[in-house]
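Trainee: Please pick one part of this structure and take me through it closely. I would like to see how that part is connected to what lies around it.

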Amino acid sequence: FFCTNEPMNSAGVKAHKYQVSFFVDKVRIAIKNSCKISVVWKLNKCETKPVDMNTTAGIASINQGLVRGTKIMFNATTNKYEDKIGHLRVRMANDEKSRMAGQIELNLAKYLNSGTTEKTELLPLDKCPDKNATLSFKIKFEKLGEYSSE
């Protein structure tokens, strides 16, 4: 999961290795036709198994985890993690096609800079025709080590 080369950055910047875990609870979205819903973590290209959409309730109960290692840069001069943007995308599929139904953009550094290593979120989906659509999940960070760029 990790690049084995040491990063080439300015002095005082270190790459910290984290295991980032998402437990995806459910997707709430108004969809009229039956389909399967999955959630994709674009940053690390992993995806939940597709589940049936309950079109009557407007809920897809995902109840699955996405776990991957990632590198997040820490700047010792500012004492902050540098931005690390990732996306959770909701994919809907039927027998004929698959398409993105919405997404959430996350800055992983924001959680770490606030001292948060575990948080439950309920966030609205962007780029979604249903303006009330949401994704609920729990995010957890576990530090595995660091590389020094010096």
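Mentor: A residue is called buried when its relative accessible area is under 20%. Keep that cut-off in mind for strand β5, the part I have picked. The model is a predicted one.

Some background on the whole chain comes before the strand. The protein chain has one helix and ten strands. Read from the N terminus, the order is β-β-β-β-β-β-β-β-α-β-β, with eight strands written before the helix and two after it. The C-alpha trace spans about 55 × 25 × 25 Å along its principal axes. Of the 150 residues in the chain, 45% are buried. Among contacts with a separation of 6 or more, 64% are between residues 24 or more positions apart. The chain exposes about 8,600 Å², and 46% of that area comes from carbon and sulfur atoms. It carries 24 positive and 16 negative charges, and the mean positions of the two sets are 2 Å apart.

Now to β5 itself, which covers residues 59-75. Twelve of its 17 residues are buried, so the strand is largely enclosed by the rest of the structure. As a general point, side chains in a regular strand alternate between the two faces of the sheet.

What does β5 pair with? One partner is β1, which runs antiparallel to β5 and is joined to it by 15 bridges. Strand β1 covers residues 13-28. One of the positions where the two strands meet is H16, whose bridge partner in β5 is I72.

H16 is worth a stop, as it shows what surrounds this part of the pairing. H16 lies in β1 and has a relative accessible area of 5%, so it counts as buried. Leaving aside neighbours within four places in sequence, H16 is in contact with T70, K71, I72, F74, Y81, K143, G145 and E146. I72 in that list is also its bridge partner. K143 has a further link, as its side chain makes a polar contact with the side chain of H16 at 3.2 Å.

A second partner of β5 is strand β6, residues 80-81, also antiparallel, with two bridges between them. In this pairing F74 stands opposite Y81. Both of these residues are in contact with H16. The two strands form a hairpin with four residues between them, and N79 in that turn has a positive phi of about 60°.

For comparison, look at strand β2, residues 36-41. Five of its six residues are buried, so β2 too is largely enclosed by the rest of the structure. Strand β2 runs antiparallel to β7, residues 85-93, over six bridges, and V39 stands opposite V90 there. Two bridges join β2 to β4, residues 51-52, again antiparallel, with I37 facing V51. Strand β3, residues 46-47, pairs with β2 in the antiparallel sense over two bridges, and V40 stands opposite E47. The hairpin of β2 and β3 has four residues between the strands, and K45 takes a positive phi near 50°.

To return to β5: the strand is largely enclosed, is joined to β1 by 15 bridges, and forms a hairpin with β6.

How values were computed. Residues are numbered from 1 along each chain as its sequence is written. This is a predicted model: local features need pLDDT of at least 70, side-chain atom pairs count only at pLDDT 80 or more; totals for chains, interfaces and linings use all residues. Side-chain values use heavy atoms; hydrogens and water are left out. Buried means under 20% relative accessible area, exposed over 50%, partly exposed in between (1.4 Å probe, protein chains only). Contact means heavy atoms within 4.5 Å. Accessible areas come from the Shrake-Rupley method with a 1.4 Å probe; for residues, only the protein chains shown count as cover. Lys and Arg count as positive and Asp and Glu as negative; His and the chain ends are not counted. The place of a charge is taken as NZ of Lys, CZ of Arg, CG of Asp or CD of Glu. Two strands pair if DSSP finds at least two bridges between them. A polar contact is a pair of N or O atoms within 3.5 Å; within protein, one must be able to donate a hydrogen and the other to accept it, and residues adjacent in sequence count only if both atoms are side-chain atoms.
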